[in-house]
Amino acid sequence: MTSVDGVPLPAEPRPGQCLRTYLRDHGHHAVKKGCDAGDCGACTVLVDDVPVHSCLYPAVRALGSAVTTAAGVPDEVGERFVAAAGFQCGFCTPGMVTTASAFADRLADPAARARTLQGNLCRCTGYRAIADALDGRANTARHAAGPAVGTPAAAPASARIVRGAELYTLDGPTPDDLAHLVVVRSPHAHARITGIDTAAALAMPGVLAVLTHENVPTTLFSTARHENRLDDPDDTRILDDVVRFHGQRVAAVVGTDPAAAEAGARAVVVSYEPLPAVLDVEAASGSVAIHGDKGPASRIADPARNVVAAIHEGVGDVEAGLAEARSSGGAVVGGTWRTGRVSPSSLETHASRAWVDTDGRVVVRTSTQVPFLVRDELARLLGRERDGVRVYSARVGGGFGSKQELLTEDLTALAALATGRPVQWELTRTESLTATPTRHPMRVSVRVGARPDGSLTALAIDVLSDAGAYGNHSPGVMFHGCHESMALYRCPNKRVDAEAVYTTTPPSGAFRGYGLGQVQFAVESALDDLARELGIDPFDLRRRTAVRPGDDFIASAAPADHPDDLQFGSDGLPECLDLAQQALRQSGDPAPDGPSWRVGEGMAAAMIATIPPRGHRSEASVTVEPDGSYRVRVGTAEFGNGTATVHAQIAATALSARLDRVVVTGADTDGVGVDTGAFGSTGTVVAGTAVARAASALASELRGKAAARLGQGSEECVLGPDGVHGSGGAFVGLADLAGARGEGRHEGSPRSVAFNVHAVRVAVDTATGEVRILRSVHAADAGVVVNPQQCRGQVEGGVAQGIGTALYEEIRLDDAGRVTTRVLRDYHLPQYADVPATQVFFADTVDTLGPFGAKSMSESPYNPVAPAIANAIRDAVGARPRRLPMTRDRVWALCQDV
Amino acid sequence: MDLLTVEALERPRDDDEVRAALPGLGPDRALLGGGTFLFSVPQPHLRGLVDLTAAGWTPITAADDGLTVAATATLARLADLDPAAYPQWPALPLLAGCCEALVGSRKVWHVATVGGNVCLALPAGPMTTLAAALDGVATIWDASGRQRRELVEDLVVGTRRTTLVAGEVLRSIHLPATALRGRTALRKASLAPLGRSAVLIAGRRDPDGAFTLAVTAAVPRPAVLRYESLPTPDRFAADVDALGATHGGWYDDPHGTPEWRHAMSRHLAEEIRAELR
């Protein structure tokens, strides 16, 4: 018999079962599914003290063995991850902990560590904090007294996460009658479905229902979710009779278990009439209309030309500006850059579980960043009132924007309604890589001119963004990507020509940076060329050309034509430039020996608005519980963004409380009235402001109530950690004020700006194309940093994803539009070995708009990384990289042209 | 991942039970080594599995004529073999080196088998590289009780293709002492520091001066160049250049362009030639 963490597991496994599901089926949910293919390590367990990927391990082989999960590892190992803050979303952490416990010696050896951790992927941290955990370094501190804002408090869930006890979407009690959903997917990039025969599937044992385009609502919607649902084109059907990308869902089969659902899915017979595929984004606007059947209500810019959204506007006269640059003896540079199709790849794949409760409400527990927006759209699709649907999430295992989407909840909800049973759909890693949205690949052409002193005379970009098969986030990504990248620089003559176009490829969507990373890669590369032409240091070029307080933010429209609520709540860019430039001068790793290695340096700057435009709302309440503790209710989901920590710190500070007296609950449409969601880096600035206001309101209420009780004026009363102190030693304890409540809101306006500067020194082997990062520094302008450890982690995690985009990651398609990078062995997420230490600096600014002077800092660190590395490669080898990722084969080819 | 169509998993306990299971193998009934590949991608065609890992095969046997590695020996066993215990065989560090070249983690080594890696016949399979560089000979049992031997470099004939037919099982790989007495060098090109091999080349210089080079991952099937003495750089480069044409073309997949694989093969082969000079 198998024993698990010392407890016998008497049940027999199935013949083809892996150890991972055998353990999870019997309630051992410390074992996570990241890839189910032996690449990520989230399911690592010890079998008789030998660490294995339990997803690859035939369960029958564990009979008679002692299996150890994170729940059974000595506490000391996990405590080091707590102390170091060695996680963000925490989904990979139980596997990290089991691995660390089994490989202590190897992991202590610096030469062996990277190889030893090869089978453990973390998408959030960039690994520095994990290294600190392995080294026994403490980065967090228990809050005892004083303001909690500004302290490196540990995440409230830490102790549970490291033992695998924190519940994610599919963890916890499982209903006995839980049914499972499996999707039939399109084998064509573009085809009309001429028939679906579900009879054989429905006749199979255990198959409960088959959903097709014939029996689900035909309402058009967008999987992208925003505060204003009209932001995203309504061009998507739950199940369509036309498929527009290879891998699009065609039918959903619900079975009593995954085997029945999978067998049923294989038995669905679909006939297709192939339509012309449109795989070349450059030719898309002249190709067959992919959404030619859509009308104005879909809000597609030009369906006949496959144009989802477009910008064609400018200020001043770009041609005149370029002429001025030339005539003044300055410089004009230009070029075209291309970015890759990059997968967000949160370790927890998209998943949801839906059921109908006893009141007839549809309840969905889902892995989402936007429970309220999913609730609203789901109600619309199901033809229900909002209060007929409840959506909530447990802790979410990473998102990075990819869960600002409605991707699973529609089918699980419909399946629950169709079968009367709770229904679960957990995407496989291959589904995640092949059929969930990626970063928009973009082609960006830049023209820029400057006078000899570096002052810009013209800046123009021409952007072609590949939307993929559905419009999704394409308008927003295009507008955002073009906005702050252009608005960062002062220049009288600017122009943006941008189009997002449909192709019959997997849809693009929201991903950290929301378009800025792509456009800034091109703009910052072009400015680097400009600096070279002018003989100006690239840091100095930014000092001379970046916007300053008092300037308008102009991307391509005059402020009078385009009123905006964007303001300089603070300006940390000059300090960021100084910090990064000084830090880059310090020595890093030595360059490798050998005649083929070249060394170069590069930098890039980035700006981001602290809140998305057009409204972002949050509502929070804080109450005093019967035991005198505080409970914060807010809509924000915790997905590694650290907002549960930040909101507790903000509330504790406003209430003069100890941090351990504050509990935060979030991400439940039953919890508060409104929450736009955790995207656009709003967790601190929008939801945090709502929490601050709620806590302040409660503090006033507590003083007032205590004053009334004590018969004193409320101005004489002071709120302390345990209650309200009146004059003359009078005191009312918090438990006596239980039930008191404060509420707060924020509507997301006005908005401030945050800045990031990344700089690197690299060595490039011109013989092989290998790029080694010798020194990596990042300066961030986050305003007042609420939690320095967490904010550093957000920066490092963004930088690591930037390194992935710059050097490694690309979803690739074959000539038929089928994704060829279908497992994580073929889609290379940065591993421990790939991510150098980045030294992080924070500008010393106080924002006038954000809570306690804080600004957003989660998306933006990603944005300047790829151009900084590209500029360093250019500096090293004398040739300009123009395409991401800058893989070794491409860099080698680049070096052949020199 | 779960193999949801598998209805039976047999675990033969000795050679006789293994032989008895062989006739039943077919398109829907497959041999299971460690399982690190079979359980990593869906196998909807499979109804049954025959697990070889309970057969009790001695993982590694050392004798005067060389090392015999059971097909079920794990990579961890191979990597942990201490070269210092066999001073007569300078080639032994190549065993751990080839394990290091596997894209799978050290945790995969605990389960993945040498035979499984060879029979999977991926161009980047490092156990194929190892065997090809060391003149490894496979012993293969068939369903009728006979056995045959074949050089591993000939056993692997293309991407996911071997000479094995239904009912055959790779029993072991013999690494002859003549090859183990050589000095070896290993080079890898990959798009990431620890990524899947795009080029994996092992070289061997025997005490009599003979030089052997096994080029894998860069071409669909292993290529072995043999010389009585160290070739000149020009001749050697020309021979490496020719492998694209003779061995199925420079490989093209998400792990590197054919042009780069060709150039890296040339570059790394020359590094090996120089190291073993």
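This report describes folds, packing and backbone details in a predicted model of chains A and B.

## Chain B overall

Chain B holds 10 helices and 14 strands. Its C-alpha trace spans about 55 × 40 × 35 Å along the principal axes. A compact globule of 277 residues would have a radius of gyration near 19 Å; chain B has 18 Å, so the two agree.

Of the 277 residues in chain B, 57% count as buried. Among contacts in chain B with a separation of 6 or more, 67% come from residues 24 or more positions apart.

## A five-stranded sheet in chain B

Chain B has an open sheet of five strands, in the order β4-β5-β10-β6-β7. Pairing in this sheet is antiparallel. The edges are β4 (60–63) and β7 (147–151) of chain B, and each pairs on one side only. Direction ignored, neighbouring strands are turned by 20° against each other on average.

At the β4 edge, four bridges join β4(B) to β5 (residues 66–70) of chain B. These two strands run antiparallel. Within the pair, B:Thr61 stands opposite B:Thr68 of β5(B).

## A mixed sheet in chain A and its helices

Chain A also has an open sheet of five strands, ordered β12-β20-β19-β18-β13. Here the pairing is mixed. The edge strands are β12 (307–315) and β13 (331–338) of chain A, each paired on one side only. The twist averages 5° from one strand to the next. Nine bridges join β18 (residues 442–450) of chain A to β19(A), and the two run antiparallel. A:Val448 of this pair stands opposite A:Leu459 in β19(A).

Helix α10 (residues 318–327) of chain A packs on the sheet. It touches β12, β13, β18, β19 and β20 (494–502) of chain A, and its direction makes about 130° with that of β19(A). Helix α14 (residues 474–487) of chain A lies across β12, β19 and β20 of chain A. Helix α14 runs at about 160° to β19(A).

## A:Ala467 in strand β19

A:Ala467 sits in β19 (residues 456–468) of chain A. It is buried because 34 other C-beta atoms lie within 10 Å, and the cut-off for burial is 20 or more.

Beyond its neighbours within four places in sequence, A:Ala467 is in contact with several residues, including A:Val308, A:His440, A:Ser474 and A:Tyr502. Its contacts also include A:Asn472, A:Ala500, A:Val501, A:Pro507 and A:Ser508. The C-alpha atom of A:Arg439, 28 residues away along the chain, is separated from that of A:Ala467 by 9.2 Å.

## Helix α15 against helix α21

Helices α15 (residues 516–534) and α21 (residues 865–877) of chain A pack at an angle of about 30°. Their axes are 8 Å apart. The crossing is right-handed.

From α15(A), the contact uses A:Gly517, A:Gln520, A:Phe521, A:Glu524, A:Ser525 and A:Asp528. From α21(A), it uses A:Ala866, A:Pro867, A:Ala870, A:Asn871 and A:Arg874. An α-helix has 3.6 residues a turn, so residues three or four places apart point the same way. The contact residues divide into four nonpolar, four polar and three charged.

## Where the chains meet

The contact between the chains takes 45 residues from chain A and 39 from chain B. On the chain A side, β4 (50–53), α5 (110–116), α9 (258–267) and α22 (888–896) each supply at least two residues. The chain A side divides into 19 nonpolar, 16 polar and 10 charged residues.

Helix α9(A) also packs within its own chain. Its buried residues are A:Ala259, A:Ala260, A:Ala261, A:Ala263, A:Gly264 and A:Ala265. They pack against β6 (179–185), α8 (199–202), β8 (207–211) and β10 (249–255) of chain A.

## Backbone exceptions in chain A

Most residues other than glycine have a negative phi, and most peptide bonds are trans. The peptide bond from A:Ser749 to A:Pro750 is cis, with omega near -5°. A:Pro750 lies in the loop between β28 (741–746) and β29 (753–765) of chain A. The bond from A:Leu884 to A:Pro885 is cis, with omega near -5°. A:Pro885 belongs to the loop between α21 and α22 of chain A.

Positive phi appears at A:Asp5, near 50°, and at A:Ser345, about 55°. A:Asp5 is in the loop between β1 (2–4) and β2 (7–9) of chain A. A:Ser345 is in the loop between β13 and β14 (351–356) of chain A. A:Asp5 is partly exposed, with 18 other C-beta atoms within 10 Å, whereas A:Ser345 is buried, with 27.

How values were computed:
Residues are numbered from 1 along each chain as its sequence is written. Chains are lettered from A and ligands numbered from 1 in the order in which they are written. This is a predicted model: local features need pLDDT of at least 70, side-chain atom pairs count only at pLDDT 80 or more; totals for chains, interfaces and linings use all residues. Two strands pair if DSSP finds at least two bridges between them. Axes are lines fitted to C-alpha atoms, for helices over the stretch in contact, and angles run from 0 to 180 degrees between N-to-C directions. A crossing is left-handed if the near helix is turned anticlockwise from the far one by less than a right angle, and right-handed if clockwise. Two residues are in contact if their C-beta atoms, placed from the backbone, lie within 7 Å. Ala, Val, Leu, Ile, Met, Phe, Trp, Tyr, Cys and Pro count as nonpolar, Asp, Glu, Lys and Arg as charged, and the others, Gly among them, as polar. The radius of gyration is taken over C-alpha atoms; the globule rule is 2.2 Å times the number of residues to the power 0.38. A residue is buried if 20 or more other C-beta atoms lie within 10 Å of its own, exposed if 12 or fewer, and partly exposed in between; C-beta atoms are placed from the backbone.
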